[in-house]
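Visitor: I am new to this structure and should be grateful for a close look at one part of it. Would you please take me through the metal site and then outward into its surroundings?

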Amino acid sequence: TRSTRPQRLLKAVQKHATRGDPQSVISAIDHFCRHSEWAMNVGDEKGSILDSVVSELNPEKVLELGTYCGYSTVRIARLLPPGARLITLEFNADYAAIARQVIAWAGLEDKVQLVEGASEDWIPRMKEHFGIETFDFVFLDHWKDRYLPDTKLMEDCGLLRKGTVLLADNVICPGVPDYLEYVRNGLFYKSCYFKSHLEYTKAEDGLEKSVFLG
Ligand SMILES: O=C(NCCCOCn1ccc2cnccc21)c1cc(-c2ccc(F)cc2)cc(O)c1O
Ligand SMILES: [Mg+2]
């Protein structure tokens with residue numbers, strides 16, 4: 001039977017990227033998505049903004065909601081200091097299987113813990129299951145209608161501290177209007193918008209960076 005797009009993306013990584021070289025994995029995925037098949041990775045343009053936010057923050061404890069094929073996982077993990085940890089959550093088992101291999105090809109498996117399941121089930125278990133106190137940085141890139149409820153859930157579970165940075169993908173396309181209203185107009189965040197484009201296209205999209213005020 002026909003292969004899946006994530007399987008073809010992984011083949012492109014294994015063909016064109018060098019084992020243990022995260023940048024070559026990132027470049028191979030971007031080339032595949034730009035010249036062969038579009039895929040919903042954060043992409044190179046928004047990815048550069050993600051890189052600058054992570055580099056400035058130097059986070060120890062990172063949560064990513066939405067692994068997909070592991071592109072943003074590799075982008076983030078390659079910038080983390082030794083000892084820092086990234087937990088990435090993926091709902092789709094087929095995506096998770098591909099992501100594990102992409103992360104391994106980049107040589108970043110020691111910094112990354114990929115967990116399969118739903119955010120609403122796993123967020124309440126972060127502390128007891130992973131020994132996490134609070135996160136320094138959260139990248140939201142999963143179901144767009146889960147950004148707001150999961151942000152409130154992370155607040156309620158005490159997973160955010162004064163200064164925790166939330167970075168949300170796709171705030172314009174597909175869009176997360178309820179989440180934007182909450183972080184921009186609510187009392188709990190200092191928020192700013194990084195205008196960009198939907199990955200590999202000319203359509204507008206952007207990232208919203210929101211600092212929890214505690
Ligand atoms: O849908 C998107 N991402 C989400 C995937 C499922 O995530 C499910 N998922 C992953 C962990 C996880 C944990 N708990 C529950 C659900 C959980 C997504 C979609 C587009 C897009 C833009 C324009 C189009 F015409 C078509 C698609 C672009 C993006 O950058 C995206 O990120
Ligand atoms: Mg996205």
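Guide: What follows begins at the metal site and then turns to the pocket, two helices and some single residues. Please bear in mind that the model is predicted.

The magnesium ion (ligand 2) has three protein residues as its donors: D141 and D169, each through OD, and N170 through OD1. These donors lie 2.0 to 2.2 Å from the ion. Along the sequence, the donor residues follow the spacing D-x27-D-N. D141 belongs to the loop between β4 (135–140) and α8 (147–156), while D169 belongs to the loop between β5 (160–168) and α9 (171–175), so the pair ties together parts that are 28 residues apart in sequence. Both D141 and D169 are buried.

D141 also leads to the largest pocket, which holds about 500 Å³ of space. The pocket is lined by 31 residues, and those closest to its centre are M40, G66, D141, H142 and W143. Two or more lining residues come from each of α4, β2, α6 (119–122) and α9.

One of the residues closest to the pocket centre, M40, deserves a closer look. M40 sits in the loop between α2 and α3 (43–57). With a relative accessible area of 40%, M40 is partly exposed. Setting aside neighbours within four places in sequence, M40 is in contact with Y68, Y95 and E199. The C-alpha atoms of M40 and L198 are 8.9 Å apart, although 158 residues separate the two in sequence.

From the pocket we return to the elements that flank the donor loops. Strand β4 contains D136. The relative accessible area of D136 is 13%, and since buried means under 20%, D136 counts as buried. A polar atom of the D136 side chain lies 2.8 Å from the backbone nitrogen of K61. Apart from neighbours within four places in sequence, the contacts of D136 are L57, P59, E60, K61, R161, G163, T164 and V165.

On the other side of the D141 loop is α8. The buried residues of α8 are Y147, L148, D150, T151, M154 and E155. After α8 comes G158, with a positive phi near 65°. In α9, which follows the loop of D169, there is a cis peptide bond to note: the bond from C173 to P174 has omega near 10°. P174 itself lies in helix α9.

A second helix, α5, may be followed from its start to its end. At the start of α5, the backbone nitrogen of D94 has a side-chain oxygen of N92 within 2.8 Å. The 13 residues of α5 (residues 93–105) should span 18 Å at 1.5 Å a residue, and the end C-alpha atoms are 19 Å apart, which agrees. Within α5, the residues A96, I98, A99, V102, I103 and W105 are buried. Those buried residues pack against three helices, α1 (5–16), α2 (22–35) and α4 (71–77), and against two strands, β2 (85–90) and β3 (112–116). Following α5 is G107, whose phi is positive and near 75°.

Helix α1, one of the elements packed against α5, contains K15. K15 is exposed, its relative accessible area being 67%. The C-alpha atoms of K15 and A28 are separated by 8.7 Å, and the two residues are 13 residues apart along the chain.

Two further residues concern the backbone. N58 has a phi near 50°, a positive value in a residue other than glycine. N58 is in the loop between α3 and β1 (61–65), and its relative accessibility of 44% makes it partly exposed. Y200 likewise is not a glycine, and its phi is positive at about 65°. Y200 occupies the loop between β6 (189–197) and β7 (204–212), and at 12% relative accessibility Y200 counts as buried.

To return to the starting point: D141 is a donor of the magnesium ion (ligand 2), is buried, and is among the residues closest to the centre of the largest pocket.

Note on methods: Residues numbered from 1 in each chain as written. Chains lettered and ligands numbered in written order. Predicted model: local features only at pLDDT ≥ 70, side-chain atom pairs only at ≥ 80, totals over all residues. Heavy atoms only, no water. Donors = N, O, S within 2.8 Å, 3.2 Å for Na, K, Ca; no water. Helix = DSSP H or I, 4+ residues; strand = E, 2+ residues; numbered from the N terminus. Buried < 20%, exposed > 50% of the residue type's maximum accessible area, 1.4 Å probe, protein only. Expected span 1.5 Å × (residues − 1). Contact = heavy atoms within 4.5 Å. Polar contact = N/O pair within 3.5 Å; in protein donor to acceptor, adjacent residues only side chain to side chain. 1 Å grid on protein atoms, 1.4 Å probe; cavity = no way out; pocket = protein on both sides within 12 Å on 5 of 7 lines; lining within 4 Å. Points joined across faces, edges and corners; volume = space filled by probe spheres on them.
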